[in-house]
Amino acid sequence: MRRYDTLRCCGVEPKSDTVSLNKSGGFTYKLTLENEAYYTFKHGEEYGTLYMTPGDSVFFTLDTDMFDETLKFSGKGAEQNNCIIHMLLINEKLETNLFELCEYDKPSFFKKTDSLFQILNDSLNGFIKTYN
């Protein structure tokens with residue numbers, strides 16, 4: 001896998017910025033917010049989302065080989081960001097076109113919706129266990 005030595009940050013203010021990673025793969029980036037905003041960050045081909053409000057101090061860690069699956073936030077403002085990443089991971093697991101469900105016969109419909117319910121239930125229980 002290709003290694004990248006920069007992180008690209010995009011948001012409201014500043015519009016975008018590139019941060020160099022240190023030798024251990026870490027970085028520090030500080031900005032002062034006047035309003036809440038969503039930011040995206042990119043490392044290689046992977047993207048992440050960060051929600052910030054004035055006064056937040058958010059830290060995150062991740063393994064670049066398993067980007068979304070290992071993204072964890074801490075600090076002031078982390079709870080909202082952990083919830084966002086958790087919902088994105090659930091959405092990836094579901095990968096279901098709800099309109100296609102309408103075309104299933106009754107047994108297939110119930111089997112698929114039971115499976116989707118189990119994914120949602122397991123994900124919610126995992127989220128509660130982790131962040132409660």
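Here are some numbered notes on this predicted model, for you to read alongside the structure.

1. Ground rules. Residues are numbered from 1 along each chain as its sequence is written, and side-chain values use heavy atoms, with hydrogens and water left out. Because this is a predicted model, local features need pLDDT of at least 70 and side-chain atom pairs count only at pLDDT 80 or more, while totals for chains, interfaces and linings use all residues.

2. The overall layout. The protein chain has four helices and six strands. Helices (H or I, at least four residues) and strands (E, at least two) are DSSP runs, numbered from the N terminus. Going along the sequence, you'll meet them in the pattern β-β-β-β-β-α-β-α-α-α. There are 132 residues in the protein chain, and 26% of them count as buried. Here buried means under 20% relative accessible area, exposed means over 50%, and partly exposed is in between (1.4 Å probe, protein chains only).

3. Strand E3. In a regular strand the side chains alternate between the two faces of the sheet. You can see that pattern in E3: Ala37, Tyr39, Phe41 and His43 point to one face and are buried, while Tyr38, Thr40 and Lys42 point to the other face and are not buried. His43 counts as buried because its relative accessibility is 10%. From His43 to Phe67 it's 24 residues in sequence and 9.1 Å in space, C-alpha to C-alpha.

4. The hairpin with E4. E3 pairs with E4 in the antiparallel sense, over seven bridges; two strands pair if DSSP finds at least two bridges between them. One bridge joins Tyr38 to its partner Tyr51 in E4. Two residues sit between the strands of this hairpin, and Gly44 takes a positive phi near 65° there. Have a look at Tyr47 as well, which is in strand E4. Its relative accessibility is 52%, so Tyr47 counts as exposed. Tyr47 and Asp68 are 21 residues apart in sequence, with their C-alpha atoms 8.4 Å apart.

5. Aromatic rings. Searching the whole structure turns up five aromatic pairs. Rings of Phe, Tyr and Trp (its six-membered ring) pair if their centres lie within 6.5 Å; planes under 30 degrees apart count as stacked, over 60 as edge-to-face and the rest as tilted. Take Phe41 and Phe67: their ring centres are 6.1 Å apart and their planes are at 40°, so this pair is tilted. Phe41 lies in strand E3 and Phe67 in helix H1 (residues 67-70), so the pair ties together parts that are 26 residues apart in sequence. Both rings belong to buried residues, with a relative accessible area of 3% for Phe41 and 2% for Phe67. Ring pairs also link Phe41, Phe60, Phe67 and Phe73 into a cluster.

6. Helix H2. This helix runs over residues 78-94, which makes 17 residues. The expected span is 1.5 Å times one less than the number of residues, so H2 should span 24 Å, and its end C-alpha atoms are indeed 24 Å apart. Its buried residues are Ala78, Asn81, Asn82, Ile84, Ile85, His86, Ile90 and Leu94. Ile85 has a relative accessible area of 7%, and its C-alpha is 7.8 Å from that of Thr49, which is 36 residues away in sequence. After H2 comes Glu95, with a positive phi near 35°.

7. The largest pocket. Its volume is about 540 Å³. On a 1 Å grid over the protein atoms alone, a cavity is a set of points where a 1.4 Å probe fits but cannot get out, and a pocket is an open set with protein on both sides within 12 Å along at least five of seven lines. Grid points are joined across faces, edges and corners, and a volume is the space filled by probe spheres set on the points. The lining (residues with an atom within 4 Å of a point) has 22 residues, and Tyr29, Lys30, Leu50, Met52 and Val58 lie nearest the centre. Strands E1 (6-10), E3 (37-43), E4 (46-52) and E5 (57-61) each give two or more residues to this lining. E5 gives the most, with four.
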